[in-house]
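User: Please take a close look at one part of this structure, the buried interior, and tell me what lines it and how far I can trust the model there. I would like one connected reading rather than a list.

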Amino acid sequence: MAAGPAGAQECRLALVLAFDVSASVDQREYRLMMEGTAAALRAPEVQAAALSGAPVAVAAYVWAGRREQAIAADWRVIQSATDLAELADRLAGFPRPSGDPLGIWSGRTGVGAALAAGGRLLERAPDCEAQVIDLAGDGQNNDGPETVRFEAVTVNALAVAGNMPLDYDGAVDGLGRWYAANVLQGPGAFVLEAQGYEDFSRAMRIKLEREFRPLLLGAL
């Protein structure tokens with residue numbers, strides 16, 4: 001069910017999923033990312049978290065350079081497993097935007113512009129208690145501002161390891177640290193790491209379950 005204008009229906013969470021489709025992501029990796037997200041949305045634990053308590057609302061877009069963003073799924077309020085399945089089907093079948101014969105946009109990576117696009121989507125989200133942008137990517141910013149700062153918005157990240165050198169201890173891909181320093185913001189913000197695109201679905205499943213799970217007020 002697609003959501004109407006802001007305020008049309010209350011919910012506990014407005015979640016925006018943002019997917020990197022810059023030149024570092026090839027066609028095979030793009031399919032692993034989108035189909036992996038669809039599989040994560042269909043996972044029983046994610047469904048249970050999404051359908052616990054008041055509804056959640058979800059939208060999704062893809063991003064590359066600072067002027068390159070496209071909505072993959074507009075706002076919909078999730079009230080049933082069928083709603084989640086329809087969203088999963090939409091993302092799994094969303095065609096990668098093409099701007100040249102190679103089927104990619106400029107190839108640049110505009111992280112700050114991607115966050116700004118998420119903010120614009122949130123401006124017309126349903127009326128929700130919390131707002132979250134969930135940015136997934138495999139590289140640092142190289143086009144436009146590195147970040148955009150919000151008020152009352154949490155920004156989480158899913159870092160796909162493999163395209164950046166390891167940190168000094170040889171244990172953590174540098175992108176996760178870069179996202180932590182430049183992307184994360186807001187209450188409870190966190191970054192998860194996928195060990196390549198083959199691992200994307202697992203990481204997204206864990207991430208969505210954590211984001212969808214209702215907060216237990218007063219829990220120790």
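Analyst: This is a predicted model, and the chain averages a pLDDT of 87, with 85% of the residues scoring at least 70. Among the helices and strands, confidence is lowest in helix 5, residues 174-182, where the mean is 90, and highest in strand 2, residues 56-63, where it is 98. Two stretches call for caution: over residues 165-172 pLDDT stays under 50, although the model has 13 contacts there beyond four places in sequence, and over residues 216-220 pLDDT again stays under 50, with zero contacts beyond four places in sequence. Where pLDDT is low, the predicted coordinates should not be read in detail.

As for the general layout, the chain holds six helices and six strands, which follow one another from the N terminus in the order β-α-α-β-β-α-α-β-β-α-β-α. Of its 220 residues, 51% are buried. If one takes the contacts between residues at least 6 apart in sequence, 73% of them join residues that are at least 24 apart.

Helix 4, residues 111-123, is a good place to enter the interior. Because 10 of its 13 residues are buried, helix 4 is largely enclosed by the rest of the structure. The buried positions are Val111, Gly112, Ala113, Ala114, Leu115, Ala117, Gly118, Gly119, Leu121 and Leu122, and their cover includes strands 1, 2, 3, 4 and 5 together with helix 5. The length of helix 4 also agrees with expectation, because 13 residues at 1.5 Å a residue should span 18 Å and the end C-alpha atoms lie 19 Å apart.

Helix 5, which is part of the cover of helix 4, has buried residues of its own, namely Gly174, Leu175, Gly176, Trp178, Tyr179 and Asn182. What covers them includes helix 4, strand 4 (128-137), strand 5 and strand 6 (191-194).

Helix 1, residues 27-42, offers a second view of the interior. Its buried residues are Glu29, Tyr30, Met33, Met34, Gly36, Thr37, Ala38, Ala40 and Leu41, and the elements that cover them include strand 1, helix 2 (44-50), strand 2, helix 3 and helix 6 (200-212). Here too the length agrees, because the 16 residues of helix 1 should span 22 Å at 1.5 Å a residue and the end C-alpha atoms are 23 Å apart.

The pairing of helix 1 with helix 3, residues 81-92, can be described in some detail. The two axes come within 8 Å and cross at roughly 175°, and helix 1 and helix 3 are therefore roughly antiparallel to each other. On the helix 1 side the contact is made by Arg31, Met34, Glu35, Thr37, Ala38, Leu41 and Arg42, and on the helix 3 side by Leu84, Leu87, Ala88, Asp89, Leu91 and Ala92. By class, this contact has eight nonpolar, one polar and four charged residues. Met34, Thr37, Ala38 and Leu41, which take part in that contact, are also among the buried residues of helix 1.

Single residues in the strands show how the interior brings together parts that lie apart in sequence. Ala14 belongs to strand 1 and is buried, because its relative accessible area is 0%. Leaving aside residues up to four places away in sequence, Ala14 touches Ala57, Trp75, Leu122, Ala125, Cys128, Ala130, Gln131 and Val132; of these, Leu122 is also one of the buried residues of helix 4. The C-alpha atoms of Ala14 and Pro126 are 7.1 Å apart, although 112 residues separate the two in sequence.

Val160, in strand 5 (residues 154-160), tells a comparable story. Val160 counts as buried because its relative accessibility is 2%, and beyond four places in sequence it touches Gly137, Asp138, Leu175, Ala194, Gly196, Tyr197 and Phe200. Leu175, in turn, is one of the buried residues of helix 5. A separation of 8.1 Å lies between the C-alpha atoms of Val160 and Gly139, which are 21 residues apart along the chain.

As a contrast to these buried positions, consider Ala152, which sits in the loop between strand 4 and strand 5. Ala152 is exposed, because its relative accessible area is 72%, and it has a positive phi of about 65° although it is not a glycine.

Notes:
Residues are numbered from 1 along each chain as its sequence is written. This is a predicted model: local features need pLDDT of at least 70, side-chain atom pairs count only at pLDDT 80 or more; totals for chains, interfaces and linings use all residues. Side-chain values use heavy atoms; hydrogens and water are left out. pLDDT is the predictor's confidence in each residue, from 0 to 100. Helices (H or I, at least four residues) and strands (E, at least two) are DSSP runs, numbered from the N terminus. Contact means heavy atoms within 4.5 Å. Axes are lines fitted to C-alpha atoms, for helices over the stretch in contact, and angles run from 0 to 180 degrees between N-to-C directions. Angles under 35 degrees count as roughly parallel, over 145 as roughly antiparallel, 65 to 115 as roughly perpendicular and the rest as oblique. Ala, Val, Leu, Ile, Met, Phe, Trp, Tyr, Cys and Pro count as nonpolar, Asp, Glu, Lys and Arg as charged, and the others, Gly among them, as polar. The expected span of a helix is 1.5 Å times one less than its number of residues. Buried means under 20% relative accessible area, exposed over 50%, partly exposed in between (1.4 Å probe, protein chains only).
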